[in-house]
Amino acid sequence: MRRAIFPGSFDPITLGHYDIIKRGSKLFDEVVVAIGINSDKKYMFSLEERQHFIEEAFKNDPNVKVVTYKGLTVDFCKEINADFILRGLRNPADFEFEKAIAHTNRKLSRIETVFLLTASRTSYISSSIVRDVIRNHGDYTVLVPDSVRI
Ligand code: ADP
């Protein structure tokens, strides 16, 4: 089975993430959306809320699963038998950042990182921009799946 994990914080999931997961679910037998738990980070949404938003968004996609994990992404891949890491690329800054991580993960394991270029209509969206819009009472609903409601 070709299983990929899509790791991230998803605080909250955006239409950019949604697009990558949907497209990834057509390339792989299973896409496991893996919410990383980092106790040093402050989040706007609790782990349960973030997980619920994603599960709701993909409730009709049986090959999309949502889990949480701690520790190294490559270790978690081995644990759940995933041979691929799926990542989205928005711009050159994403590329430089992702390149170093992908090389490191390749050094630590045999796991391949597969990059999908963002859809142009969602390329500007980031979770941090969404959080900023929410904090300032803007209409965040145009940036996130319908499942993200506060
Ligand atoms: P992180 O905690 O690693 O910053 P995120 O939750 O922000 O994780 O993002 C997880 C993945 O989703 C990354 O590969 C990131 O590049 C990708 N991503 C985020 N926003 C978009 C977008 N608008 N279009 C495509 N990919 C995106």
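This passage walks through the ligand site and a few backbone details of a predicted model.

The ligand turns up in the largest pocket. The shell around the ligand draws two or more residues from each of β1 (3-8), α1 (15-27), β4 (84-89) and α4 (92-108). There are 17 residues around the ligand, and the ones that come nearest are Ser-9, Phe-10, Gly-88, Thr-122 and Ile-125. Sorted by class, that shell is a mix: seven residues are polar, five are nonpolar and five are charged.

As for polar contacts, a backbone N or O atom of Gly-88 sits 2.6 Å from an oxygen atom of the ligand. Thr-122 also uses its backbone, with an N or O atom placed 2.9 Å from a ligand nitrogen. With Arg-90 it is the side chain that takes part: one of its N or O atoms is 3.2 Å from a nitrogen atom of the ligand. How much of the ligand does the protein bury? On its own the ligand exposes 550 Å², and 85% of that is buried by the protein.

The loop between β1 and α1 deserves a closer look. Phe-10, already listed among the residues that come nearest to the ligand, is part of this loop. Its phi is near 50 degrees, a positive value for a residue that is not glycine. Phe-10 has a relative accessibility of just 2%, so it counts as buried. Pro-12 belongs to the loop between β1 and α1 as well, and the peptide bond joining Asp-11 to Pro-12 is cis, with omega at about 0 degrees. For context, most residues other than glycine have a negative phi, and most peptide bonds are trans.

A positive phi also shows up at His-137, where the angle is near 60 degrees, again in a residue other than glycine. His-137 is in the segment after α5. Is this residue buried or exposed? His-137 is exposed, because its relative accessible area is 73%, over the 50% cut-off.

Pro-145 is likewise in the segment after α5 (127-135). Here the relative accessible area is 7%, so Pro-145 is buried. Along the chain Pro-145 and Ala-34 are 111 residues apart, while their C-alpha atoms are separated by 18 Å.

Finally, there is Arg-3, a residue of strand β1. Why does Arg-3 count as buried? Its relative accessibility is 18%, and the cut-off for buried is under 20%. The Arg-3 side chain reaches the backbone oxygen of Asn-81, at 3.3 Å.

Terms used: Residues are numbered from 1 along each chain as its sequence is written. This is a predicted model: local features need pLDDT of at least 70, side-chain atom pairs count only at pLDDT 80 or more; totals for chains, interfaces and linings use all residues. Side-chain values use heavy atoms; hydrogens and water are left out. A residue is near a molecule or strand if one of its heavy atoms lies within 4 Å of it. A polar contact is a pair of N or O atoms within 3.5 Å; within protein, one must be able to donate a hydrogen and the other to accept it, and residues adjacent in sequence count only if both atoms are side-chain atoms. Accessible areas come from the Shrake-Rupley method with a 1.4 Å probe; for residues, only the protein chains shown count as cover. On a 1 Å grid over the protein atoms alone, a cavity is a set of points where a 1.4 Å probe fits but cannot get out, and a pocket is an open set with protein on both sides within 12 Å along at least five of seven lines; lining residues have an atom within 4 Å of a point. A molecule sits in a cavity or pocket if more than half of its atoms lie within 2 Å of its grid points. Helices (H or I, at least four residues) and strands (E, at least two) are DSSP runs, numbered from the N terminus. Ala, Val, Leu, Ile, Met, Phe, Trp, Tyr, Cys and Pro count as nonpolar, Asp, Glu, Lys and Arg as charged, and the others, Gly among them, as polar. Buried means under 20% relative accessible area, exposed over 50%, partly exposed in between (1.4 Å probe, protein chains only).
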